[in-house]
Amino acid sequence: MMNTNTLTMGGMTNLDDHHLRSRQAQWQADKWMMVGALFLGTAVFGLIGFPLFLRGLALQIKAQRQGLSVRPTMVTLIGYLVAIDAALNSIGWALDLVAHHTLLARVFLMAWGNMFDAGYFWHYNELWIGGATAPGEKGWEIALLPVVFCMRIAAAIGFLQMKRWGQQWLIITCWFGVVAWVGYIANMTIFADVRYTGVVFPVIGWWLYDIFYITPFLALPYLHSVNREIFTD
Amino acid sequence: MNNVSPNNLPLGTTPAFAGMHKWLQRGLIVCLSALVLEGAFTFPLLAIWYGWPELSLQEICTEFEKIRFSDESRECIYPYPLFAPAEGAGQKTAQDVWGVQPRPQYKAIEYRELIKRRDDRLTRQAEGETDSKY
């Protein structure tokens with residue numbers, strides 16, 4: 001009698017074996033990519049994390065070519081990159097929100113501020129809450145850290161697990177990102193005198209530095225056009 | 001790779017969106033690489049611009065504070081007491097043109113300028129001058 005355990009697949013003994021080997025290959029690739037992503041999310045140790053991440057990605061692509069059922073490359077790239085993007089944003093803003101009197105914040109946040117955006121230099125550490133004093137900045141930090149970035153990392157994990165809620169919540173949190181960018185840039189432009197007077201590379205410098213944080217915008221067209229049936233309930 | 005026959009497409013990608021997905025993937029790889037490079041080099045390059053290693057991080061912090069609050073008597077206190085008020089709370093020295101759009105009067109800090117600034121101040125102090133032009 002023919003059942004799934006006796007079906008022969010191209011080069012595989014049967015479906016169970018294929019399933020097992022696919023899971024093993026995915027987990028093997030994910031171990032490299034997770035460790036890589038942890039380093040990448042710290043910013044300063046990114047050069048350590050990048051080769052680890054690429055090694056995992058290469059393992060996954062290799063498994064794909066061998067006919068194993070692993071995640072699509074785009075899902076992997078979007079899932080990890082959106083999480084890394086959220087982690088990098090969180091580091092800077094968490095430093096400013098709760099660690100504004102550390103030497104690290106008072107040197108590097110302010111150096112960055114003086115270089116690109118004086119929202120992180122002008123009257124710094126003068127508010128009772130400490131940190132950035134530019135109009136509106138603290139409001140964005142308080143709104144975006146717990147609501148957008150934490151939720152986006154959680155959604156990215158669900159997305160990498162190919163869960164339908166992961167795809168749905170990634171859509172939601174990436175649209176949050178659109179609101180965040182539009183609102184943040186409008187606020188920054190309105191208070192441009194505070195933010196760009198006495199700055200080494202104003203406006204264009206800020207854009208050149210920050211444009212690479214648009215990964216949520218690149219994710220959205222994919223999330224809306226991918227076949228949703230590949231995600232499970 | 002450019003073949004859009006459904007059999008050759010990645011899981012979840014339909015022929016109609018194959019081209020778009022390919023370009024999105026390229027964009028994601030560019031962003032990932034750029035974020036890695038920015039993350040790795042921002043801190044060391046900023047440190048060099050603002051005077052490290054000739055100036056220690058605490059000395060850079062001190063120079064920032066003097067400029068930001070236009071007060072040469074300020075020093076960067078580190079470690080900062082945990083429950084103390086913010087270091088700039090209640091300060092009256094920072095120079096701005098106040099209005100609905102405040103405009104700071106400090107100038108952008110040029111490459112390695114903080115070292116010269118510190119040296120000039122030390123020279124003035126050695127000469128017994130008291131100077132508060134900043």
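By a cavity I mean a set of grid points where a 1.4 Å probe fits but cannot get out, and its lining residues have an atom within 4 Å of a point. I am working from a predicted model.

**Entry 1, cavities.** I looked for enclosed space and found two cavities of 30 Å³ or more. I took the second largest to start with, and it holds about 40 Å³. From chain A, Trp122(A) and His123(A) line this second largest cavity, and chain B adds Arg68(B), Ala94(B), Gln95(B), Asp96(B), Pro104(B) and Tyr106(B). I sorted that lining by class and got four nonpolar, two polar and two charged residues.

**Entry 2, the largest cavity.** Its volume came out at about 50 Å³. Both chains appear in the lining, with Leu40(A), Ile84(A), Leu32(B) and Val36(B) among the residues. I noted that α3 (73–98) of chain A and α1 (18–49) of chain B each give two or more residues to it. The largest share, four residues, comes from α1(B). I found no charged residue in this lining, just seven nonpolar and two polar.

**Entry 3, the interface.** Next I checked how the chains meet: 58 residues of chain B are in contact with 57 of chain A. The buried area is about 5300 Å², with 74% from carbon and sulfur atoms. On the chain B side, Leu28(B), Leu35(B) and Tyr106(B) lose the most area, together 13% of what that side buries.

**Entry 4, polar links.** I counted two salt bridges between the chains. One I looked up pairs Asp193(A) with Arg103(B), the closest N and O atoms being 3.5 Å apart. I also have 18 residue pairs in polar contact across the interface.

Technical notes. Residues are numbered from 1 along each chain as its sequence is written. Chains are lettered from A and ligands numbered from 1 in the order in which they are written. This is a predicted model: local features need pLDDT of at least 70, side-chain atom pairs count only at pLDDT 80 or more; totals for chains, interfaces and linings use all residues. Side-chain values use heavy atoms; hydrogens and water are left out. On a 1 Å grid over the protein atoms alone, a cavity is a set of points where a 1.4 Å probe fits but cannot get out, and a pocket is an open set with protein on both sides within 12 Å along at least five of seven lines; lining residues have an atom within 4 Å of a point. Grid points are joined across faces, edges and corners, and a volume is the space filled by probe spheres set on the points. Ala, Val, Leu, Ile, Met, Phe, Trp, Tyr, Cys and Pro count as nonpolar, Asp, Glu, Lys and Arg as charged, and the others, Gly among them, as polar. Contact means heavy atoms within 4.5 Å. Buried area is the accessible area (1.4 Å probe) that two parts lose on being put together, summed over both. A salt bridge is a side-chain nitrogen of Lys or Arg within 4 Å of a carboxyl oxygen of Asp or Glu. A polar contact is a pair of N or O atoms within 3.5 Å; within protein, one must be able to donate a hydrogen and the other to accept it, and residues adjacent in sequence count only if both atoms are side-chain atoms.
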